[in-house]
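Biologist: Could you take me through this structure step by step? I would like to begin with the whole chain and then turn to particular places.

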Amino acid sequence: MSTATKERGVWTAVRELPSNVWSSIFRNPLPSNDLERASTSFTNFFLHLHPVKVHRHTLRPVYTLGLGLMSLFLFLILIATGVLLMFYYVPSTTQAYDRMLDLRGTVAFGIFLRNMHRWSAHGMVAIVFLHMCRVFLTGSYRKPREFNWVLGVVLLLVTLFLSFTGYLLPWDQLAFWAITVGTAIAGYAPVIGKEMQFVLLGDTAVGQEALLRFYVLHVAVLPSVLVLLIAIHFWRIRKDGGLSRPEAPAASRDREGAVVFQKRIYGLQGFVRGPFTKTGNVPDDSVYSWPHLLMAELFVFVLTVSIILVVSLLFNAPLEQPVNVMHPPNPAKAPWYFLGLQEMVSYSAFWGGIGVPGLMVALLFLAPYIDRGTKGTGKWFARERLLANTIFLTMVLLNVMFIVIGTFFRGPNWTFVSPF
Ligand code: HEM
């Protein structure tokens, strides 16, 4: 090969470098037709978590309210800000509080980082709870989604525990006494209550051992559990046939107004269970994930991040005086999401702290195995599900009511006070 030809070859490689690097990562250009849309969803690592097509109903904002996605994005914000906070934090009773002051005073954007982490954590507890409410009130826990619902209940419990373990880390009066009250509730469990409390605290009271345990649970154990469970949660959504939706009517009309009948479906006998290939030129009600689902996801992402940014700019995360074990605040209150429990404990330690909440969680786990109906699935407040929805909403309202009473109407010695 002549030198001139070699030089030309090198120049071509240099000129094409950007496009060659790009195409070595992304195997498709930005899709412009249906084949490319499908192919993009298949070949991109992140996009292949999505189905190639989704039902139109899945994309209706008023159906999901974007709450599942918001839960995910809040968790991602928590991981990002949490890792940055770890560079500054030391889980030691002599240093933790000073590190909080450093974040406020000397670390660039330290206070903003802490605000984002704190408000995302509170937001995640609330949004995961609301997501559970939407799933229940649309009957989406029913067959074939029973297991995903059960997984969801575990996700809610892990989310609560994750937030609870983070509460102690600033090592201020608020943290110390909230965790003292919160772990005391666990101690009311019969037989193993005290042992459970001891395992959690590594001691008989909140101190250095508890701080270290809560830290390890908060930064390593519980986030890893959550990542694994969320991955299974999403995988199950795919395997359960996408999001729930109302049953298709036996006959419907296509876009020209002609009556079309439900798809005819074949199963491949012996190899696969369930429907396999559809036949007939029937208009289906699905759209490509690229760009429809992706745009919806992007919108929820931008919305979630924007809300957290604005709230973190406007409000600072609380930081009270450093821990003083001789001076409990009166009343000492658990974190807000456990204040309903604390309120119930004030009536009966066992029933309020263990009996009733245990029964409620058991009912949540069992709901899809008790309610075996199919009518009214995929619709908000379906008339066919009046009884189930009424029981669920009563439980939710009682919980919210106890939280509101515990938060605003309880003063010194847990006496009733007016917030006005
Ligand atoms: C870390 C917490 C969670 C995350 C990140 C998460 C995420 C999601 C997402 C993105 C979806 C699809 C879209 C949507 O419904 O908004 C979904 C659906 C679902 N989630 Fe969750 N979820 C969480 C917790 C829960 C909880 C607490 C429950 C119930 C106790 C639950 C039960 C379900 C079920 C059954 C579906 C399928 C709903 C349907 O088919 O309509 N999830 N989840």
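Modeller: The answers below go from the whole chain to the ligand and then to some individual residues.

Biologist: What kind of model is this?

Modeller: This is a predicted model.

Biologist: How many helices and strands does the protein chain have?

Modeller: The protein chain has 15 helices and six strands. Its C-alpha atoms fill a box of roughly 80 × 75 × 45 Å along the principal axes.

Biologist: What share of the residues counts as buried?

Modeller: Of the 420 residues in the protein chain, 41% count as buried. As for contacts between residues at least 6 apart in sequence, 74% of them join residues at least 24 apart.

Biologist: Let us turn to the ligand. Which residues come nearest?

Modeller: There are 25 residues around the ligand, and the nearest are His-131, Arg-134, Gly-152, His-233 and Ser-244. By type, the shell consists of 15 nonpolar, eight polar and two charged residues.

Biologist: Which side chains have polar atoms close to ligand atoms, and at what distances?

Modeller: In the side chain of His-131, an N or O atom is 2.9 Å from a nitrogen atom of the ligand. For Arg-134, a side-chain N or O atom is 2.7 Å from an oxygen atom of the ligand. Ser-140 has a polar side-chain atom that lies 3.3 Å from a ligand oxygen atom.

Biologist: Which elements give two or more residues to that shell?

Modeller: They are helix H5 (67-86), helix H7 (110-137), helix H8 (146-167) and helix H11 (208-239). H7 gives the most, with six residues.

Biologist: And which residues coordinate the iron atom of the ligand?

Modeller: His-131 and His-233 coordinate the iron atom, each through its NE2 atom, at 2.1 to 2.2 Å. His-131 belongs to helix H7 and His-233 to helix H11, so the pair ties together parts that are 102 residues apart in sequence.

Biologist: Why is the arrangement around the iron atom octahedral?

Modeller: Six donor atoms surround the iron atom, and the angles they subtend run from 87 to 180°, which makes the arrangement octahedral. To count as octahedral, six donors must have opposite donors over 155 degrees apart and all others between 65 and 115.

Biologist: Are those two histidines, His-131 and His-233, buried or exposed?

Modeller: Both His-131 and His-233 are buried.

Biologist: New topic: the backbone. Which peptide bonds before a proline are cis?

Modeller: The bond from Lys-143 to Pro-144 is cis, with omega near 5°. Pro-144 is in the loop between H7 and H8. The bond from Trp-290 to Pro-291 is also cis, with omega near 5°. Pro-291 lies in helix H12.

Biologist: What about a positive phi in residues other than glycine?

Modeller: Phe-109 is not a glycine, yet its phi is positive, about 60°. Val-191 is also a residue other than glycine with a positive phi, near 65°.

Biologist: Where are Phe-109 and Val-191 found?

Modeller: Phe-109 lies in the loop between helix H6 (96-105) and H7. Val-191 is in the loop between helix H9 (173-186) and helix H10 (193-201).

Biologist: Buried or exposed, those two?

Modeller: Phe-109 has a relative accessible area of 68% and Val-191 has 80% relative accessibility, so each counts as exposed. The cut-off for exposed is over 50%.

Biologist: Now Asp-371, please. Where is that residue, and what does it touch?

Modeller: Asp-371 is in the loop between helix H14 (349-370) and helix H15 (386-408). Apart from neighbours within four places in sequence, Asp-371 is in contact with Tyr-141, Arg-142, Arg-385 and Ala-388. A polar atom of the Asp-371 side chain lies 3.1 Å from the backbone nitrogen of Gly-373. With a relative accessible area of 17%, Asp-371 is buried.

Biologist: And Asn-389? Which residues does it contact?

Modeller: Asn-389 is in helix H15, and at 5% relative accessibility Asn-389 counts as buried. Its contacts, leaving aside neighbours within four places in sequence, are Phe-136, Leu-137, Phe-381 and Ala-382.

Biologist: One last residue: what does Val-325 touch?

Modeller: Not counting residues up to four places away in sequence, Val-325 touches Phe-176 and Trp-177. Val-325 and Phe-176 are 149 residues apart along the chain, and their C-alpha atoms are separated by 8.3 Å. Val-325 itself is in the loop between helix H12 (289-314) and helix H13 (339-345).

Key: Residues numbered from 1 in each chain as written. Predicted model: local features only at pLDDT ≥ 70, side-chain atom pairs only at ≥ 80, totals over all residues. Heavy atoms only, no water. Helix = DSSP H or I, 4+ residues; strand = E, 2+ residues; numbered from the N terminus. Contact = heavy atoms within 4.5 Å. Near = heavy atom within 4 Å. Polar contact = N/O pair within 3.5 Å; in protein donor to acceptor, adjacent residues only side chain to side chain. Nonpolar A, V, L, I, M, F, W, Y, C, P; charged D, E, K, R; others polar. Donors = N, O, S within 2.8 Å, 3.2 Å for Na, K, Ca; no water. Tetrahedral: all angles 85-135°; square planar, octahedral: opposite > 155°, others 65-115°. Buried < 20%, exposed > 50% of the residue type's maximum accessible area, 1.4 Å probe, protein only.
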